[in-house]
Amino acid sequence: MRDTLGREITYLRISLTDLCNLRCTYCMPPEGAKKLEHRDILSFEEIEEIARAAVSLGVRKIRLTGGEPLVRRGMVDLCRRLRAIPELRELALTTNGLLLPEMAADLKAAGVDRVNISLDTLDPDKYRRITRGGSLDRALAGIQAAKDAGLTPLKLNCVLIGGFNDDEIADLAALTVDEPVEVRFIELMPIGDAEGFGPEAYLPCEAVLERLPRLVPVGDNGGVAERYRLPGAAGTVGLIRPLSRCFCSRCDRLRLTADGQLKPCLHSGEEIPVRGLHGADLLRQLERAIRHKPARHGELSSSSRSQATRDMNQIGG
Ligand code: SAM
Ligand code: SF4
C-alpha cells in the first residue's frame, strides 16, 4: 500500500520487548527499562495477527527488534510463525548479538534470513562503557555465530559518536575488507536517553568520508544507507544520516511497539493503537497509520530533539 506521498510501505519493524541485557548510554536510562506486565505486551498470537494483516496490505519485510529481541522468551517460535506467512519475503532481526552463540542456529532453522548486529567499538573497555557493562568478546562471539549459522548478509550497526569512536572509523571500516559484511555508521539521534551527549557527539557521517577518502560509492540497494566500498574490499560501508541528510522521502516502514501501538514515524509522537482489533478494524488502523506517515520528521540536531515520546529501546530503533 502507498502512503499519501506515493511511498510504498513494505517494511514493518516489530519491537518484542522494551527490556535489554545491555544499557547503552544513548538508548536507555542507567536503571534499565521499566518492566511491563506480561499482560501489557502483545502476545505472539497478537503479533502474528497484526503481521498477517500488514502483509495483506503489502508489507514484505519484517524486522524484529526491541529492546533486545533475543531476551523475549519463546521468540524463536514467533520467528517460525512469522516465516510461515506465504507472501513475506524477508524476516530479519536487529540485536546486540550477545545471545547469538546459543540461539543463531535455532533462529536460522526457524526461518530467520539475516541479522543486523550493533557494534560501536572494537575496544573492550569502551564497549563496557558505552553499553554500561557489556562484554565485547560476547558480542564478537555473537557475530561469529551469525556467520556460522548463515544469518547473512550480515550488517554491523555502529552509532557514530564524536569523541568516543571517531578514532576507530578506519578500524571498523576495515572489517569489510576480507568479509562480505556491511559496516553501517549511523548518526547519533537526539532521542530519549541520548540527552546526556554534548554537541561534539553529534558527528555527521561526512567524517567517515573525510577519514576514508578511498571509499568509492556503490549502487543504492533501495535501503536508507548510502553505500561505499574500500578498494578491493569484499564488503561495503554504509552511511545512515538521519540528521545531516534526511532520507524520509525513501521511508518505507511502519513500527509496532511491544505494547501494541503503531508508529507512522520514529520521530513523531503519534501512536495508533491496534491491540484488541481484528479483521476489518485492524486493517483500518493499519491503513490509518500508513496515511498518517508525515512527509518528513521535524528538525533533528544537537539542539533540536526528536518529537518521539519514548526512548529508543521502547520504539525499536
Ligand atoms: N538491542 C538491539 C540492538 O542494539 O541492536 C535492537 C534494538 S536497538 C534500539 C536498535 C538500534 O538502534 C541499534 O543499532 C542502536 O545502536 C540504535 N540506536 C539506539 N539509540 C540510538 C540513538 N540515540 N541514535 C542512533 N541510533 C540509536
Ligand atoms: Fe539494548 Fe540495543 Fe538499546 Fe543497547 S541499543 S540498550 S543493546 S536496546
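**Note on helix packing, the sheet and ligand 2**

1. Helices α2 and α3 are roughly parallel to each other, because the angle between them is about 20 degrees and angles under 35 degrees count as roughly parallel. This is a predicted model. Helix α2 covers residues 75-83, and its axis lies 9 Å from that of α3. The crossing of the two is right-handed.

2. Which residues make the contact of α2 and α3? From α2 come Met-75, Val-76 and Cys-79, while α3 supplies Met-103, Asp-106 and Leu-107. Sorted by class, the residues of this contact are five nonpolar, no polar and one charged.

3. Helix α3 (residues 100-109) also packs with helix α5 (residues 136-149). Their axes come within 8 Å and cross at roughly 20 degrees. That angle makes α3 roughly parallel to α5. The crossing in which α3 passes α5 is right-handed.

4. On the α3 side, the residues that meet α5 are Leu-100, Pro-101, Glu-102, Ala-104, Ala-105 and Lys-108. On the α5 side they are Arg-138, Ala-141, Gly-142, Ala-145, Ala-146 and Ala-149. This contact of α3 with α5 has eight nonpolar, one polar and three charged residues.

5. Next, the sheet. In what order do the 12 strands of the open sheet stand? The order is β7-β8-β9-β6-β5-β4-β3-β2-β1-β10-β11-β12, with mixed pairing. The edge strands are β7, at residues 216-217, and β12, at residues 272-273. Each of these edge strands pairs on one side only.

6. One pair within the sheet can be followed residue by residue. Strand β10 (residues 253-256) and strand β11 (residues 261-263) run antiparallel and are joined by two bridges. Opposite Lys-263 in β11 stands Arg-255.

7. Last, the ligand. Which residues surround ligand 2? Three are cysteines: Cys-20, Cys-24 and Cys-27. The others are Leu-22, Arg-23, Met-28, Gly-67 and Asn-96. By class, the shell around ligand 2 has five nonpolar, two polar and one charged residue.

8. For reading the model, begin with α3, which can be viewed against α2 and then against α5. Both crossings are right-handed, that of α2 with α3 and that of α3 with α5. Then trace the open sheet from β7 to β12, and finish at ligand 2 with its shell, including Cys-20 and Asn-96.

Conventions: Residues are numbered from 1 along each chain as its sequence is written. Chains are lettered from A and ligands numbered from 1 in the order in which they are written. This is a predicted model: local features need pLDDT of at least 70, side-chain atom pairs count only at pLDDT 80 or more; totals for chains, interfaces and linings use all residues. Side-chain values use heavy atoms; hydrogens and water are left out. A residue is near a molecule or strand if one of its heavy atoms lies within 4 Å of it. Ala, Val, Leu, Ile, Met, Phe, Trp, Tyr, Cys and Pro count as nonpolar, Asp, Glu, Lys and Arg as charged, and the others, Gly among them, as polar. Two strands pair if DSSP finds at least two bridges between them. Helices (H or I, at least four residues) and strands (E, at least two) are DSSP runs, numbered from the N terminus. Axes are lines fitted to C-alpha atoms, for helices over the stretch in contact, and angles run from 0 to 180 degrees between N-to-C directions. Angles under 35 degrees count as roughly parallel, over 145 as roughly antiparallel, 65 to 115 as roughly perpendicular and the rest as oblique. A crossing is left-handed if the near helix is turned anticlockwise from the far one by less than a right angle, and right-handed if clockwise. Contact means heavy atoms within 4.5 Å.
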